[in-house]
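Colleague: I would like to go through this model with you, one question at a time, and hear the reasoning behind each answer.

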Amino acid sequence: MEKKNIDWANLGFGYVQTDYRFVSNFKNGAWDEGILTEDANVVINECAGVLQYAQTVFEGMKAYTTADGKIVTFRPDLNAERMAQSAARLEMPVFPQDKFVEAVLKTIKANEAYVPPYGSGATLYVRPYMFGSNPVIGVKPAEEYQFRVLTTPVGPYFKGGVKPLTIRVCDFDRAAPNGTGHIKAGLNYAMSLHAIVDAHKQGYDENMYLDAATKTYVEETGGANFLFVTKDGKVVTPKSKSILPSITRRSLIQVAQEYLGLEAEERVIPLEEVKDMAECGLCGTAAVISPVGKIVDHGKEICLPSGMTEMGPITKKLYETLTGIQMGTIKAPEGWIVEVK
Ligand code: PLP
Ligand code: COI
């Protein structure tokens, strides 16, 4: 199979249309078999549930080319599980989890020519998503849905790759205590757009959201969880019921403990404690681990000792081990890597 003529090394995090996408429809209480199609357009009624009341959930995952030339995905079963939880919270039918993984693998296989080569620094981003497709005008769940999987080759989420980011403590809230912060619903991202545009205007790369109820504890950013390293070398990540349970973060905790022999813990992290941290990073499928060099809290600067030129040493070890597992140069824990055949 010949690869597409793409400048892999200079890809940003954007949409590049690939050849195939998977589509399945839910009607009369059941999902159809689904097909791969070359048609990248979605045609739905003007009054579709997703257009009126934002009934949509999604996932984000990647396909990697390993050092020995295989194409693999990372823990797709966990994306399937999280999408089921997201759908349930928005009163949407669950797309069966085994069929989710099958659809993802099939779509990647069909777009093999777009999977960036090993060592290029790029990956194939995979976006499964689902939305209410029939007309809804009274506020209620749709009765018909479409599940789709699209793929697009991507480079680093943050321009500048591994250059440490400057973020600000944000006054806007991302998620209410008993709201939808823990699921991957489009609505969580729509409401973050004003905050991120404003952050960029003020010269910041991202927003640090705090818990909405007390404005005391670190939650997450608009598209990634936080990971901190304490001055005594412990990896800590925020525990909260209103943040997305990041698959990258859960994997990194295990990597820290089992591969690097570090203490790692999920616990509440007061903003007040951040000034005592040694390293900070943003972790997620798109972000991988992007280092944070500076956090600005209403004019007060918190400068991480790891500085503004490179990743902190422990963050770097975590990054190298995780990407080594994903690219097949480090042995993965059982079940983490699923080959696309
Ligand atoms: N938090 C938010 C708000 C996200 O959008 C993402 C991205 O998926 C993450 C965290 C990281 O999650 P994961 O590691 O599962 O990609
Ligand atoms: C991901 O990391 O997959 C996400 O969905 C985050 C988004 C900001 C691109």
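**Helix H6 and the two ligands**

Modeller: Let me start with the cap of a helix: Ser246 caps the N-terminal end of H6, with a side-chain oxygen 3.2 Å from the backbone nitrogen of Thr248. Please keep in mind that this is a predicted model.

Colleague: Which ligand has an oxygen atom close to a polar side-chain atom of Ser246, and at what distance?

Modeller: Ser246 is listed among the closest of the 17 residues that surround ligand 1, together with Tyr189, Glu220, Thr248 and Thr285. The pair in question consists of a polar side-chain atom of Ser246 and an oxygen atom of ligand 1, and their separation is 2.6 Å.

Colleague: What distances separate oxygen atoms of ligand 1 from the side chains of Lys184 and Thr248?

Modeller: For Lys184, an N or O atom of the side chain is 2.8 Å from an oxygen atom of ligand 1. For Thr248, whose backbone nitrogen also takes part in the cap of H6, a polar side-chain atom lies from an oxygen atom of ligand 1 at 2.5 Å.

Colleague: How much of the area that ligand 1 exposes when taken alone does the protein bury?

Modeller: Taken alone, ligand 1 exposes 380 Å². Of that area, the part buried by the protein is 97%.

Colleague: What end-to-end distance should the 12 residues of H6 span, and what does the model show?

Modeller: H6 covers residues 247-258, and its buried residues are Ile247, Thr248, Arg249, Ser251, Leu252, Ile253, Val255 and Ala256. At 1.5 Å a residue the expected span is 16 Å, and it agrees with the separation of the end C-alpha atoms, which is 16 Å.

Colleague: Which residues surround ligand 2, and which backbone has a polar atom 2.8 Å from one of its oxygen atoms?

Modeller: The surroundings of ligand 2 are made up of Phe13, Phe58, Gly60, Tyr125, Arg127, Tyr157, Lys184, Gly223, Thr285 and Ala286. Polar side-chain atoms of two of these residues lie by oxygen atoms of ligand 2, that of Tyr125 at 2.6 Å and that of Arg127 at 3.5 Å. The backbone atom at 2.8 Å from an oxygen atom of ligand 2 belongs to Ala286.

Colleague: What share of the accessible area that ligand 2 has on its own is covered by the protein?

Modeller: On its own, ligand 2 has 280 Å² of accessible area. The protein covers a share of 90%.

**The strands**

Colleague: Which residue of E8 stands opposite Arg127?

Modeller: Strand E7 (residues 123-132) pairs with E8 in the antiparallel sense, over 10 bridges. Within this pairing, the residue of E8 opposite Arg127, which is also one of the residues around ligand 2, is Leu150.

Colleague: Why can E8 be described as largely enclosed by the rest of the structure?

Modeller: E8 (residues 145-154) is also joined by 5 bridges to strand E1 (residues 21-27), and these two strands run antiparallel. In that pairing, Val23 has Arg148 as its bridge partner in E8. E8 is largely enclosed because the number of its 10 residues that are buried is 9.

Colleague: Which residues of strand E5 lie on each of its two faces, and are they buried or exposed?

Modeller: E5 (residues 61-65) is mostly covered, with 5 of its 5 residues buried. One side holds Met61, Ala63 and Thr65 and the other holds Lys62 and Tyr64, and these residues are all buried.

Colleague: Which residues stand opposite Ala63 in E7 and Tyr64 in E6?

Modeller: E5 is joined to E7 by 3 bridges and to E6 by 3 bridges, and both pairings are antiparallel. Ala63 stands opposite Leu124 in E7, while the bridge partner of Tyr64 in E6 is Val72.

**Backbone and burial**

Colleague: What is the phi of Arg75, and is this residue buried or exposed?

Modeller: Most residues other than glycine have a negative phi. Arg75 lies in the loop between strand E6 (71-74) and helix H2 (76-89), and its phi is positive, at about 45 degrees, although it is not a glycine. With a relative accessible area of 13%, below the 20% cut-off, Arg75 is buried.

Colleague: Is Glu91 buried or exposed?

Modeller: Glu91 is found in the loop between H2 and helix H3 (97-110), and its phi is positive as well, at about 55 degrees. Its relative accessibility is 57%, so Glu91 counts as exposed.

Terms used: Residues are numbered from 1 along each chain as its sequence is written. Chains are lettered from A and ligands numbered from 1 in the order in which they are written. This is a predicted model: local features need pLDDT of at least 70, side-chain atom pairs count only at pLDDT 80 or more; totals for chains, interfaces and linings use all residues. Side-chain values use heavy atoms; hydrogens and water are left out. Helices (H or I, at least four residues) and strands (E, at least two) are DSSP runs, numbered from the N terminus. Buried means under 20% relative accessible area, exposed over 50%, partly exposed in between (1.4 Å probe, protein chains only). Two strands pair if DSSP finds at least two bridges between them. The expected span of a helix is 1.5 Å times one less than its number of residues. A polar contact is a pair of N or O atoms within 3.5 Å; within protein, one must be able to donate a hydrogen and the other to accept it, and residues adjacent in sequence count only if both atoms are side-chain atoms. A residue is near a molecule or strand if one of its heavy atoms lies within 4 Å of it. Accessible areas come from the Shrake-Rupley method with a 1.4 Å probe; for residues, only the protein chains shown count as cover.
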